[in-house]
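Subject: Handover of a structure

Dear colleague,

Please find the structure below, handed over for your use. My findings follow it.

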Amino acid sequence: MQSKRQKMKRPELHFYNFDGDVIAFSSTRLGGYSEGSYGEWNINRYCGDNDETIGQNRKALCELLDIDDDKLLMPHQVHLTEIAKIDDDFFSLSANERQQRLEGIDAIMTNLNNVCIGVSTADCIPILLHDKKNHAVCAVHAGWRGTVSCIAEKAVKSMRNAYGSIPSDIIAQIGPGISLDSFEIGDEVYDAFEKAGFNMSTISKRYPAKEPNCEKWHIDLPMCNKEQLIAAGIIKDSIHVSDICTFKQHEIFFSARRLGINSGRIYTAILLKTK
C-alpha cells in the first residue's frame, strides 16, 4: 500500500499561464487514488466515487498547492447561472453552512489569497477569469444550458459589481471541454441556442450521424463562450482557448459521453497566491 501511495500521491495537472500571482490548472485523470471509471484522480463528491479516495485525492492536491483542505472549494453545480462570492464571512461559517452556500452554484469568485476555487466538468466548458488590477478571480461551469443562459457574461458582470473589475483588464482561459465535431445535439438544443440569439452560422454545423443518410447538428461550446466573453468586454486576444477535446482525449481527461455519468470529473481551478 505504501508503494502505491508513493506512486500516486501527486496529481498530474495541466497548468495555465496566468500572471505570477496566480496558479491555474485543470486536473487530469492521472496521479490519484480513485479506481474504475473514477480513476485515478477525482474530487467530485456528487458522481458516485468513494469518499475515502476523494479525501486522499484532496489531501494530495492541498499538499501540492500548500493550502488547508477547507480552502479547496468546489460548488455543487446544477447547470444554472448562480454565482457565489467567497469572502472572509464565508469562512466564519460552519462546514455545513459553507457547503450550503455552495449548493446550486455554477460559478465561484474570490479576491482572497490562498483559496482555491474551481468547477467540475466532464465535457462541459470550464472558464477561468483573472483580474490582476483588482486581485480577483472567478471559475465558471458552462454546460450547454449555462451557455444558453449566458453564464460567462454574467460572471464578468458579477466581477465588475463585486470587485470593480473592468472587462478589458480580465484575462480568460477556456479549459478542456467537448469540441464542435464531437458535440452532437438534438434539434431542441439547436432551437434553444437560436432562440437565445446566438449566431448559428458561426457556432453550429451539421455532421453525418451514425444512422445512414442522416445528419445531426453540432454546437461549438468553446466558441459560444468565447463570443460571450467578448460581448462582455474582454479583449479577444486576452481569451485563451484550450485545444483539448475531452471526448477525444478521454484517457487523460474525464468525458461523461465516453465514460458515462457515473465517472470522475475534471477540476479546473484558480488560486491567488500573493497580493
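Strand 9 and strand 12 run parallel and are joined by three bridges. Within strand 12, Ile239 is the residue that stands opposite Ala172. Please note that this is a predicted model.

**The six-stranded sheet**

These two strands belong to an open sheet of six strands, ordered 4-5-8-7-9-12, in which the pairing is mixed. Its edges are strand 4 (83–86) and strand 12 (239–241), each of which pairs on one side only. On average, and with direction ignored, neighbouring strands of this sheet are turned by 15 degrees against each other.

Strand 4 pairs with strand 5 (residues 107–110) in the parallel sense, over four bridges. Here Ile86 has Thr110 of strand 5 opposite. Two helices pack on the sheet. Helix 6 touches strand 4, strand 5, strand 7 (125–131), strand 8 (136–142) and strand 9, and the direction of helix 6 makes about 160 degrees with that of strand 8. Helix 9 (residues 221–231) touches strand 7, strand 8, strand 9 and strand 12; the angle between its direction and that of strand 7 is about 25 degrees.

Strand 9 also pairs with strand 7: the two run antiparallel and are joined by five bridges. Ile174 in strand 9 is the bridge partner of Ile127. Of the five residues of strand 9, four are buried, and the strand is thus mostly covered.

**The five-stranded sheet**

There is also an open sheet of five strands in the order 1-2-13-6-3, again with mixed pairing. Strand 1 (13–16) and strand 3 (72–73) are the edge strands, each pairing on one side only. Strand 1 and strand 2 (residues 22–27) run antiparallel and are joined by four bridges, and a hairpin connects them through five residues. His14 has Ser26 in strand 2 as its bridge partner. At the other edge, strand 3 and strand 6 (residues 116–121) pair in the parallel sense over two bridges, with Leu72 opposite Cys116 of strand 6.

**Ile270**

Strand 13 (residues 266–272) contains Ile270. Is Ile270 buried or exposed? Its relative accessibility is 0%, so Ile270 counts as buried. Beyond its neighbours within four places in sequence, the contacts of Ile270 include Phe18, Val22, Ile23, Val115, Cys116, Leu128, Leu129 and Val137. One of these contacts, Leu128, is 142 residues from Ile270 in sequence, yet the C-alpha atoms of the two are 6.9 Å apart in space.

**Nonpolar cores**

The largest nonpolar core has 37 residues, and the members that touch the most others are Ile127, Leu129, Phe193, Ile219 and Leu229. Helix 6 (residues 151–163) supplies the largest share of this core, namely six residues. A second, separate core holds 20 residues, among them Phe18, Val119, Val137 and Leu272.

Leu129 is in contact with residues distant in sequence by over four places, including Val137, Ala155, Met159, Ile171, Ala172, Leu229, Ile234 and Ile270.

**Ser179**

Ser179 lies in the loop between strand 9 (170–174) and helix 7 (187–195). Because its relative accessibility is 17%, below the 20% limit, Ser179 counts as buried. Not counting residues up to four places away in sequence, Ser179 touches Ile219, Cys245 and Lys248.

**Aromatic rings and charges**

How many aromatic pairs are there? The count comes to six. One of the pairs is formed by Phe90 and Phe91, whose arrangement is edge-to-face, with 5.1 Å centre to centre and 90 degrees between the planes. Phe90 counts as buried because its relative accessibility is 2%. Its partner Phe91 has Lys71 over its face, at 5.1 Å from the ring centre.

A cluster of aromatic residues is formed by Phe15, Phe25 and Tyr267. A further charge over a ring involves Arg206, the charged end of which sits over the ring of Trp217, 5.0 Å from its centre.

Yours sincerely

Conventions:
Residues are numbered from 1 along each chain as its sequence is written. This is a predicted model: local features need pLDDT of at least 70, side-chain atom pairs count only at pLDDT 80 or more; totals for chains, interfaces and linings use all residues. Side-chain values use heavy atoms; hydrogens and water are left out. Buried means under 20% relative accessible area, exposed over 50%, partly exposed in between (1.4 Å probe, protein chains only). Contact means heavy atoms within 4.5 Å. Rings of Phe, Tyr and Trp (its six-membered ring) pair if their centres lie within 6.5 Å; planes under 30 degrees apart count as stacked, over 60 as edge-to-face and the rest as tilted. A charge sits over a ring if NZ of Lys or CZ of Arg is within 6 Å of the ring centre and within 35 degrees of the ring normal. A nonpolar core is a set of buried Ala, Val, Leu, Ile, Met, Phe, Trp, Tyr and Cys residues joined through side-chain atoms within 4.5 Å. Two strands pair if DSSP finds at least two bridges between them. Axes are lines fitted to C-alpha atoms, for helices over the stretch in contact, and angles run from 0 to 180 degrees between N-to-C directions.
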